[in-house]
Amino acid sequence: MGFTALARSGAQTSDMEAVRTDDLSFETSAGLVSMKMTSDLQTIASEWRAIEAAVYCTSAQTFDWARAWSAHVLAAQGRSPVVAIGYGSDGQVQFLLPFETKTVGGLTVLRWLSQDHANYLFGLFRLAFASALSKSDLSRILNEVGRWSGASVAALEAQPFDWGGTPNPFGLLSHQPAPNSGFAVRLGDFETLYCERYKKRARQSLLRKERRLWEAGTLEYGWAETTQEKREVLETFFAQKATQFAAMGVTDIFTPEARAFYAALVMLPEDSPSRLRLGYVALNGEILATFSGTVVHDRVNVLLSSLADSPFQRQSPGAQLLRHQIEEACNDGLAYFDLGVGAARHKSEWSNEVYPLFDSYLALKPQGLAVTLPFTVKSALKRTIKSNPRLWALAQTVRRTIKGGHA
């Protein structure tokens, strides 16, 4: 556990803040870099879309996602995105870093864009450039972003050490293990995968449960297609999730602004990698469970899931839906079905790949050290509790008691 100050001296900081320029050039281990920073996403739309198509990423690193988040969440809170884009000597974009800022304890904190609503958070880097960067290069880049944005601290969470074979250069900076890991299914032949992940008895149990659902009426596995269907499924998800959060004693993270953000993703064109596909299983027209996500490159990224408070829960409608979606992804020739960050039974049952993640809490100015330590301790405490089944069960009980007044 640790934290690092990337701060310059007081004199250096004052001098740099006095000169606020959007464009600068400097030498790195990967060569000369020209970097600019902006809060106007439209001015870099074509460049962003080009690098997201060329670099393996998730929907949280795509332009349409950033535009929707900025329009519906940041704008509503009087905030703006902070995007750093770097060019090589040939003029080609070598990296793009999507950030936002938030005020914590009177200090401006730099965070990944949509940090509280994304699974994996990182910047877009071309492979050769990322592989050549040094720790001092990353410190320089991050300090420049901090100077431009006025941030005193960088609190960058849920970062993978690499993605799609490209190393995450932020791993060179001081960091600590994140409280959660990521879980994914490496796809292939579905029957082979299913037999590897589920024993015969478990497969037979799921089949019996599905038969009971069929016997209870009309069972439908599907994707919301029309505008009306999309609205209905999304609203059902929000309602089911609110019930689940209340039962857990957890604050509902789907604020009106967040709901508007997801609604915007749902309505994106089919060819957008940010488009949110809403999957569901319904019995006699009643939605029993949802699994929804995006498809970026060759990967399904699950973002949202919910379960109805229904007598049919005992027939495992969520597990039934997930099995159908994974089979469909296999048949479509996709490479991964990513179940996201955070442990859960269905993730451990299906996942054959687990991604360790890290958090970085870095002071960009001397006063930032006052908040890096609390961030660091809080993250470490979360990891300790979540890695211990007894402590995690106790924490959940306490949370329900505090929220609802009873255990």
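The legends below accompany an overview and three close-up views of a predicted model.

**Figure 1. Overview of the protein chain in the predicted model.** The protein chain has 407 residues, of which 49% count as buried. Its secondary structure consists of 13 helices and 19 strands. About 18200 Å² of the protein chain is accessible surface, and carbon and sulfur atoms account for 52% of this area. Where contacts join residues at least 6 apart in sequence, 73% of them link residues at least 24 apart.

**Figure 2. Close-up of the open sheet of 7 strands.** The strands follow the order S13-S14-S15-S16-S17-S12-S18, and their pairing is mixed. Strand S13 (219-223) and strand S18 (353-355) form the edges, each pairing on one side only. On average, neighbouring strands of this sheet are turned by 25° against each other, with direction ignored.

**Figure 3. Close-up of the pairing between strands S12 and S17.** Strand S12 covers residues 182-186, and strand S17 covers residues 336-341. The two strands run antiparallel and are joined by 5 bridges. One of the residues shown is Gly-182, whose bridge partner in S17 is Val-341.

**Figure 4. Close-up of helix H7 packed on the sheet.** Helix H7 comprises residues 200-215. The helix touches S13, strand S14 (277-283) and strand S15 (286-296). Between the direction of helix H7 and that of S13 the angle is about 100°. Of the strands touched by the helix, S13 is an edge strand of the sheet, and the strand order places S13, S14 and S15 in succession.

Conventions. Residues numbered from 1 in each chain as written. Predicted model: local features only at pLDDT ≥ 70, side-chain atom pairs only at ≥ 80, totals over all residues. Heavy atoms only, no water. Pairing = 2+ DSSP bridges. Helix = DSSP H or I, 4+ residues; strand = E, 2+ residues; numbered from the N terminus. Axes fitted to C-alpha atoms, helices over the stretch in contact; angles between N-to-C directions. Contact = heavy atoms within 4.5 Å. Buried < 20%, exposed > 50% of the residue type's maximum accessible area, 1.4 Å probe, protein only. Areas by Shrake-Rupley, 256 points an atom, 1.4 Å probe, with all protein chains shown as cover.
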